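Please open the structure in your viewer and keep the selection tool at hand. The tour below moves from one selection to the next and says what is to be found at each stop.

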Amino acid sequence: MAAEMAMVKPISKFSRTTTPRLGNPRVASYNVKFSTITMSAATTTTKPSKKGAKQGIKETLLTPRFYTTDFDEMERLFNTEINDKLNQSEFEALLQEFKTDYNQTHFVRNKEFKEAADKLEGPIRQIFVEFLERSCTAEFSGFLLYKELGRRLKKTNPVVAEIFSLMSRDEARHAGFLNKGLSDFNLALDLGFLTKARKYTFFKPKFIFYATYLSEKIGYWRYITIYRHLKANPEYQLYPIFKYFENWCQDENRHGDFFSALMKAQPQFLNDWKAKLWARFFCLSVYVTMYLNDCQRTAFYEGIGLNTKEFDMHVIIETNRTTARIFPAVLDVENPEFKRKLDRMVEINQKLLAVGDTQDIPLVKNLKRIPLIAALASELLAAYLMPPIESGSVDFAEFEPQLVY
Ligand SMILES: [Fe+2]
Ligand SMILES: [Fe+2]
């Protein structure tokens, strides 16, 4: 996983705090010699770190989340005896590709990292740290979910299970590489602590498919866009991690393609009116989350020579075009009205953040927030209700085998 999917939960009852059983996360076992960063969620207790001075991260609605799902339902969905739509030969082919492990030797650091980090001072240094923390958390979130799916599906579908395990290998590498980046700034995310202490958001399997597919594809488009931009404008290459994005994003693309194959094997999640409504909902949720997040961090994007809104719109449009190949409906993001709505949401969000920064007592702050939240909700609803684009290239109701993606 690479991108953040945090803004909206589909139905509040799906959210609960759980800690799935996990193996021994490889990336969580790094020796921490520096300041250790933990995250404190409102619902969790922050224990003191034994490993050094810790730095808190403000947890907000837009912070990258950790996910868990109904693993029993997942087992039923991928049971070949129950589901005859599972195209095992396609999964076998995907497994071979994951086994090839194209990026086995890609994530090797060099001395440029520390040198570049030492040159970053003042606000830009802080912005880079935040970028590394958020990216590491998002990658680690994918690692945890895929690792558990790999473990739980072993009996019912060993091929699908092994792909999940190999995807968790990729995400562990990504998270670990970002955490190593934090070491250049004398920091480290305490991933073992995060695993235990953070709140997990529960999504039913079908929502995991929509959300994770989008997260992987939007991650791919973010990474490749940054990579291409910095290749063309090397003067903005402030830190060498971006040079790794070209091969890195191919991992995310493969992960997204695997979810595409999974969804094809579950046509009931793609072929009716409810699927269309949910597909649009998840697109909106992912796009708005990214746009609001990035517009709060324009200094980072400007620091690497990008115009934040142009970058985001490019990523949204490309992700939407890719997504239209599999989702039964997508948003009309190329309609200029869509961007106008996003920009209004940014303005409202800025006002909401400003309320939080005032010296008012909590009650007054909450009263001031009510009209703003109502305005944000109404913009979201209006964006959701814009005429969608019917998409998907297969008539799932008839399962025409000759139609391909
Ligand atoms: Fe990743
Ligand atoms: Fe990924």
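A salt bridge, as the word is used on this tour, is a side-chain nitrogen of Lys or Arg that lies within 4 Å of a carboxyl oxygen of Asp or Glu. The model in front of you is predicted, and a search of the whole structure finds 28 salt bridges in it.

**First stop: salt bridges**

Select Asp72 and Arg152, whose closest N and O atoms are 2.8 Å apart in a salt bridge. Asp72 belongs to helix α1 (residues 71-77) and Arg152 to helix α4 (residues 123-152), so this pair ties together parts that are 80 residues apart in sequence. Asp72 is partly exposed, with a relative accessible area of 44%, and Arg152 also counts as partly exposed, at 23%.

Stay in helix α4 and select Arg151 and Glu148, which lie three residues apart in that helix, about one turn. Their salt bridge has its closest N and O atoms 3.0 Å apart. Is Glu148 buried or exposed? With a relative accessible area of 3%, Glu148 is buried, whereas Arg151 is partly exposed at 32%.

Now move to helix α5, where Arg173 and Asp170 are likewise three residues apart, about one turn of the helix. Their side chains meet in a salt bridge with an N to O distance of 3.9 Å. Since buried means under 20% relative accessible area, Arg173 counts as buried at 17%, and Asp170 is buried at 1%. Elsewhere, salt bridges that share partners join Glu337, Arg340, Lys341, Arg344 and Glu379 into one network.

**Second stop: helix α13**

From that network, keep Arg344 selected and add Leu380, which is found in helix α13. The two residues are 36 apart in sequence, and their C-alpha atoms are 10.0 Å apart in space. Leu380 is buried, with a relative accessible area of 17%.

Leu363 also has its place in helix α13, which covers residues 362-385, but Leu363 counts as exposed, at 58% relative accessibility. Add Ile361, Val364, Leu367 and Ile370 to Leu363, and you have selected a nonpolar surface patch of about 480 Å².

**Third stop: the nonpolar core**

Which residues touch the most other members of the largest nonpolar core? They are Phe91 and Phe242, in a core of 118 residues. Helix α7 (residues 205-232) gives the most to this core, with 15 residues, and the core draws at least three residues from each of domain 1 (61-267) and domain 2 (270-391). Select Phe91 and look at its surroundings: apart from neighbours within four places in sequence, Phe91 is in contact with Leu86, Val159, Val160, Ile163, Phe258, Ala261, Leu262 and Ala265.

**Fourth stop: two loop residues**

Select Asp101, in the loop between α2 (88-100) and α3 (112-119). Asp101 has a phi near 55°, a positive value in a residue other than glycine, and at 11% relative accessibility this residue counts as buried. Then select Asn186, in the loop between α5 (158-183) and β4 (187-189), where phi is near 60°, again positive in a residue other than glycine. Asn186 is partly exposed, with a relative accessible area of 40%.

**Last stop: the whole protein**

Finally, show the whole protein, which has 13 helices and seven strands. Of its 405 residues, 56% count as buried, and its accessible surface comes to about 17,800 Å², of which 53% belongs to carbon and sulfur atoms.

Conventions: Residues numbered from 1 in each chain as written. Chains lettered and ligands numbered in written order. Predicted model: local features only at pLDDT ≥ 70, side-chain atom pairs only at ≥ 80, totals over all residues. Heavy atoms only, no water. Core = buried A, V, L, I, M, F, W, Y, C linked by side-chain atoms within 4.5 Å. Buried < 20%, exposed > 50% of the residue type's maximum accessible area, 1.4 Å probe, protein only. Helix = DSSP H or I, 4+ residues; strand = E, 2+ residues; numbered from the N terminus. Domains from an automatic or database assignment. Contact = heavy atoms within 4.5 Å. Patch = residues over 30% accessible without salt bridge, like charges linked within 9 Å, V, L, I, M, F, W, Y side chains within 5 Å. Areas by Shrake-Rupley, 256 points an atom, 1.4 Å probe, with all protein chains shown as cover.
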